[in-house]
Amino acid sequence: MSVILDTLMLNTRQVVMTVNKPKRPANKRRKTPVTAAAPVAGTRTGSGAEKKAEISAATDTDAMSLLLSLTPSGAETTSATSSLLTVKNTKAVPQQKTSLATAQLIRRYHVLNKELSKCLARIDNARSRQLSTRNSPKTLTPEQRAADLARIAEIRQEMDDLGGLDMYQKASTLGQSKQRGGDSSKWLISIFKSYHPQLNRKTSLRLRLLDIGALSPHNYQKHSSWIHATTIDLNPQDPLITKMDFLEMPMPSSPEELFDIVCLSLVVNFVGDPTQRGEILRRSTRFLVSGTGVLYLVLPLPCIQNSRYMDHELLLEMMISLGYTTLIKHHFARKLAYYAFQLDDGPTDKNLDSSATRTTQSLFPKKLRHDKPNRNNFCIILA
Ligand SMILES: C[S@@+](CC[C@H](N)C(=O)[O-])C[C@H]1O[C@@H](n2cnc3c(N)ncnc32)[C@H](O)[C@@H]1O
């Protein structure tokens, strides 16, 4: 696990930016960025003026398609989360890159990702309000919408200049390297060895593990006698990892497709939108064996210990509401919070689309809990 990842703080107010945008001389500008995903036809836009004209002309266009049209490197869209991301292949992060520079890059990427989610959510919310209540006073004015869209374009450009998701992941992988403390699978393995002592005796039982947001397919390799790992990521860094957005992953249709362990290590905080964070947690229940399934959740410690809107107790309440009534174990390391929850009570509406069965009212809305200075704004909303 990355030591540098531990420092992630998700508070836009903390952004005193220290990562400088790489400045390229005009004659050395990237021509066509290499995209991991197929470029969206006609996505490349021209000058800033052209972009602005496009923005103001497009106020009635769907925000997502417009966002894509502003995407410098044309990422493939799946869910709203992944569509936010600039995905392109970048060169490996040099090993000698200082941990400080890597940490800054990761931190900046998080901040941008979060701001992007906010702009998009504002546009999407205004749009749904407009559809439900014609001329609602709460909808965005054309100027506000244009400002948000312009900011989205700027953010995407900066993400692209930083190297996009690919560079972020390479930096994170570097952070996982042994010199910096290794990956987070170690804590999970130690829990399982004490929690399921029979596994030490190498029975034929092989646990099915789903690693969401995996940077390496090899984290569980040396335990392959008792763990079968399925690894997915929005932008796989290895051919053995499946390119998949968890929010779009088909639900298991039979017990054989369920998992014994679902890992969300530094993924929930990576997602910028608090409601989507909650959706990821809720969705995890549908992939686990009810009664025995284990969710392994890792968050930066400040998300739990230094947020205005979140703390350990609230996280437990949220998890209990989802059916994770047993906290097998948790551990606060210097910079990371580790949790292993058991899914005692699986979802009752397994065969139904979750959104169709819920009201629009949040079970756990954004609510101030610690009104103190110097706290961050990390939040999870459970709808
Ligand atoms: C900070 S990295 C964490 C990597 C690794 N799990 C660790 O503990 O170091 C977050 C990863 O989550 C992935 N991710 C975020 N949202 C995702 C989603 N909806 N589906 C699949 N992967 C996702 C990102 O692509 C990124 O590689």
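What is the mean pLDDT of the chain, and what percentage of its residues reach 70 or more? In this predicted model, the chain has a mean pLDDT of 73, and 63% of its residues reach 70 or more. The model scores ipTM 0.99 and pTM 0.67. The points below take up confidence along the chain, then the two positions that UniProt annotates as a binding site in an unreviewed entry, G213 and D233, and finally R283 in helix α8.

**Confidence along the chain**

- Confidence is highest in helix α10, which covers residues 312–322 and has a mean of 97, and lowest in helix α2, covering residues 63–69, where the mean is 38.
- Over residues 1–86 the pLDDT stays under 50, although the model has 164 contacts beyond four places in sequence for these residues.
- Residues 350–359 also have pLDDT below 50, and this stretch has 6 contacts in the model beyond near neighbours in sequence.

**The annotated binding site**

- The feature "binding site" is placed at G213 and D233 by UniProt, and the entry concerned is unreviewed.
- Although these positions span 21 residues in sequence, no two of their C-alpha atoms are more than 4.5 Å apart, so they gather at one spot.
- G213 is found in the loop between β1, residues 207–212, and β2, residues 227–233, whereas D233 belongs to strand β2.
- G213 has 22 other C-beta atoms within 10 Å and is therefore buried, because the cut-off for that class is 20 or more.
- D233 likewise counts as buried, since 24 C-beta neighbours lie inside 10 Å.
- When residues up to four places away in sequence are not counted, G213 touches D233, S265, V267 and F270.
- On that basis D233 touches G213, A214, I241 and K243, and the contact between the two annotated positions accordingly appears in the list for G213 and in the list for D233.

**R283 in helix α8**

- R283 is located in helix α8, which comprises residues 274–284.
- With 19 C-beta neighbours inside 10 Å, R283 counts as partly exposed, because a residue is buried if 20 or more other C-beta atoms lie within that distance.
- R283 touches F246 and L247, not counting residues up to four places away in sequence.
- For R283 and L247, which are 36 residues apart along the chain, the separation of the C-alpha atoms is 7.6 Å.

How values were computed. Residues numbered from 1 in each chain as written. Predicted model: local features only at pLDDT ≥ 70, side-chain atom pairs only at ≥ 80, totals over all residues. UniProt positions renumbered as here; feature names shortened; annotations may be inferred. Helix = DSSP H or I, 4+ residues; strand = E, 2+ residues; numbered from the N terminus. Buried ≥ 20, exposed ≤ 12 C-beta atoms within 10 Å, placed from the backbone. Contact = placed C-beta atoms within 7 Å. pLDDT = per-residue confidence, 0-100.
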